[in-house]
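Reader: I am new to this structure and would like to learn how to read it. Could you take me through it feature by feature?

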Amino acid sequence: MKRRNLIKGLGAGALVAGLAGCGQEQVSTASSKNQQTFRWKMVTTWPPNFPGAGVGANRLAKRIEKASNGRIQIKVYGGGELVPAYEAFDAVSSDTVQMAHGAAYYWKGKAAAAQFFAAVPFGMNAQEMNAWLYYGGGWELWRELYAPFNLVPAPAGNTGTQMAGWFNKEINSLEDLKGLKMRIPGLGAEVLKRAGGTPVNVPGAEVFTALQTGNLDAAEWIGPYNDLAFGLYKAAKYYYYPGWHEPCATLEAIFNKQRFESLPDDLQEIVMLSCQAANNDMLADYTAQNQRALRVLALEHGVIPKPLPEAVLRRLKQLSYEVLEELAAKDKMVARVYASYREFQHNTSQWLAISEKAYFDSRLLDN
Ligand code: CA
């Protein structure tokens with residue numbers, strides 16, 4: 001209750017400040033807009049109520065409703081309930097629905113550069129991505145990229161660092177990747193292909209069966225929380241880390257540009273603040289749930305995650321940079337986004353090496 005009042009109070013303050021100095025006519029337009037109720041539909045790329053990402057989308061809708069005191073009401077649809085999951089981008093672009101929740105790498109067919117706003121192999125983690133998006137020029141490039149599609153994007157969730165995945169055989173050397181049939185989407189798929197593997201894109205709901213029946217030798221999904229929920233430990237023996245292909249996945253909210261811009265200023269601010277809250281909230285949720293699930297996997301199911309060998313990671317990293325450079329050479333917008341991303345990652349690595357990493361290493365020292 002306190003929180004709602006606080007936000008309401010902020011909204012009223014912003015409105016007063018915004019009206020100061022306006023003519024009478026503008027005041028009446030603003031106040032009629034201020035009383036309007038906006039009923040929106042949000043489609044998502046997630047199965048309905050999917051733990052983590054889907055729940056985060058539900059919470060985002062509720063938060064916007066509460067913070068706006070019901071002036072924006074949002075009905076959330078899981079993937080396939082209103083439009084197929086991978087048509088969310090078009091549905092918002094064409095104003096079939098007002099907003100969507102998903103991940104930018106799903107739209108690489110629309111704009112290759114979109115992938116940089118979700119996950120990049122050997123790219124930035126959640127902390128670095130947020131720094132780049134909010135304070136390193138990343139979000140501006142993202143808005144520019146989506147503007148021709150009539151869309152406004154906002155960071156609205158993060159899974160944190162993922163796992164490398166579940167494997168039916170041990171990975172001891174690069175040789176073990178040859179011929180490996182693995183569920184892995186996005187840029188990571190191209191990297192695995194160059195390492196001699198066979199990437200397959202299987203929707204989340206089919207991963208378990210494909211792995212269990214031997215149609216797949218390996219599959220990456222997300223991390224302990226979602227992997228435990230899917231029962232993947234029953235379908236494959238070896239669980240590897242780290243998720244080199246998804247050092248984090250930034251999730252997005254996308255808005256139809258006209259619909260977003262037709263909101264009064266205070267509601268635009270509430271929507272964006274709610275996205276920022278969702279971004280932070282989901283990372284906290286994943287971190288809390290992953291550590292719990294990791295314990296359950298170990299204590300109840302005997303799953304002990306293994307690190308990928310250094311030589312394998314080193315080669316995958318080389319191949320990742322090859323893939324990114326080639327993509328940048330083919331597409332002007334990728335070249336611009338990648339230049340910004342790469343420079344930010346380079347600089348932030350220098351800082352994180354002597355802060356987060358040095359500190360974390362010291363925390364793990366033997367007593
Ligand atoms: Ca994944």
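Reader: Let me begin with strands. In which sense do β1 and strand β2 pair, and over how many bridges?

Author: Welcome! Keep in mind that this is a predicted model. Strands β1 and β2 (residues 72–77) pair in the parallel sense, and six bridges hold the pairing. For one example, find Lys 41, whose bridge partner in β2 is Lys 75.

Reader: Is strand β1 enclosed or open to the outside?

Author: Strand β1 covers residues 38–44, and five of its seven residues are buried, so the strand is largely enclosed by the rest of the structure.

Reader: What is the order of the strands in the open sheet of six?

Author: Read across the sheet rather than along the chain. The order is β7-β6-β8-β5-β9-β11, and the pairing is mixed. At the edges are β7 (198–200) and β11 (306–307), each of which pairs on one side only. Inside that order, strand β6 (residues 181–183) runs parallel to β8 and is joined to it by two bridges. Arg 183 takes part here, with Ala 219 as its bridge partner in β8.

Reader: Now the metal. Which residues coordinate the calcium ion?

Author: Look for the atoms that face the ion. The donors are Gln 162 through OE1, Glu 220 through OE, listed twice, Trp 221 through its O, and Glu 246 through OE, at 2.1 to 2.8 Å. Along the chain, their spacing is Q-x57-E-W-x24-E. Gln 162 and Trp 221 link distant parts of the chain, 59 residues apart. Gln 162 is in the loop between β4 (151–158) and β5 (165–167), while Trp 221 is in the loop between β8 (218–219) and α9 (224–229).

Reader: Is Gln 162 buried or exposed? And what about Trp 221?

Author: The cut-off to know is that buried means under 20% relative accessible area. Gln 162 has 4% relative accessibility, so it counts as buried. Trp 221, at 12%, counts as buried too.

Reader: How is a pair of aromatic rings described?

Author: The general idea is to give the distance of the centres and the angle of the planes. In this structure, a search of the whole model finds 23 aromatic pairs. One of them joins Phe 89 and Phe 149 edge-to-face, with 5.1 Å centre to centre and 70° between the planes. Phe 89 belongs to helix α4 (residues 88–93) and Phe 149 to the loop between α6 (138–146) and β4, so this pair ties together parts that are 60 residues apart in sequence. Phe 89 is buried, with a relative accessible area of 2%, whereas Phe 149 is partly exposed at 23%.

Reader: How do Trp 166 and Tyr 239 pair, stacked or edge-to-face?

Author: They are stacked, with 3.7 Å centre to centre and 15° between the planes. Trp 166 sits in strand β5 and Tyr 239 in strand β9 (residues 238–241), and the two are 73 residues apart. Trp 166 is buried, with a relative accessible area of 0%, and Tyr 239 counts as buried at 1%.

Reader: Let us turn to open spaces. How much space lies in the largest pocket?

Author: About 1800 Å³. Its lining has 40 residues, and the closest to the centre are Asn 125, Thr 161, Pro 242, Pro 247 and Phe 360. Helix α13 gives the most to this lining, with ten residues. By class, the lining divides into 20 nonpolar, 14 polar and six charged residues.

Reader: Which residues lie nearest the centre of the second largest pocket?

Author: They are Tyr 86, Tyr 106, Arg 183, Pro 185 and Trp 221, out of 38 lining residues. You have already met Trp 221 as a donor to the calcium ion and Arg 183 as the bridge partner of Ala 219. This pocket holds about 650 Å³ of space. Helix α7 (residues 186–194) gives the most to its lining, with four residues.

Reader: And how many cavities of 30 Å³ or more does a search find?

Author: The search finds one, with a volume of about 60 Å³. Its lining includes Ala 164, Phe 167, Met 182 and Trp 244. By class, the lining has nine nonpolar residues, with no polar and no charged ones.

Notes:
Residues are numbered from 1 along each chain as its sequence is written. This is a predicted model: local features need pLDDT of at least 70, side-chain atom pairs count only at pLDDT 80 or more; totals for chains, interfaces and linings use all residues. Side-chain values use heavy atoms; hydrogens and water are left out. On a 1 Å grid over the protein atoms alone, a cavity is a set of points where a 1.4 Å probe fits but cannot get out, and a pocket is an open set with protein on both sides within 12 Å along at least five of seven lines; lining residues have an atom within 4 Å of a point. Grid points are joined across faces, edges and corners, and a volume is the space filled by probe spheres set on the points. Ala, Val, Leu, Ile, Met, Phe, Trp, Tyr, Cys and Pro count as nonpolar, Asp, Glu, Lys and Arg as charged, and the others, Gly among them, as polar. Donors are N, O and S atoms within 2.8 Å of the metal (3.2 Å for Na, K and Ca); water is not among the atoms, so sites may look incomplete. Buried means under 20% relative accessible area, exposed over 50%, partly exposed in between (1.4 Å probe, protein chains only). Two strands pair if DSSP finds at least two bridges between them. Rings of Phe, Tyr and Trp (its six-membered ring) pair if their centres lie within 6.5 Å; planes under 30 degrees apart count as stacked, over 60 as edge-to-face and the rest as tilted.
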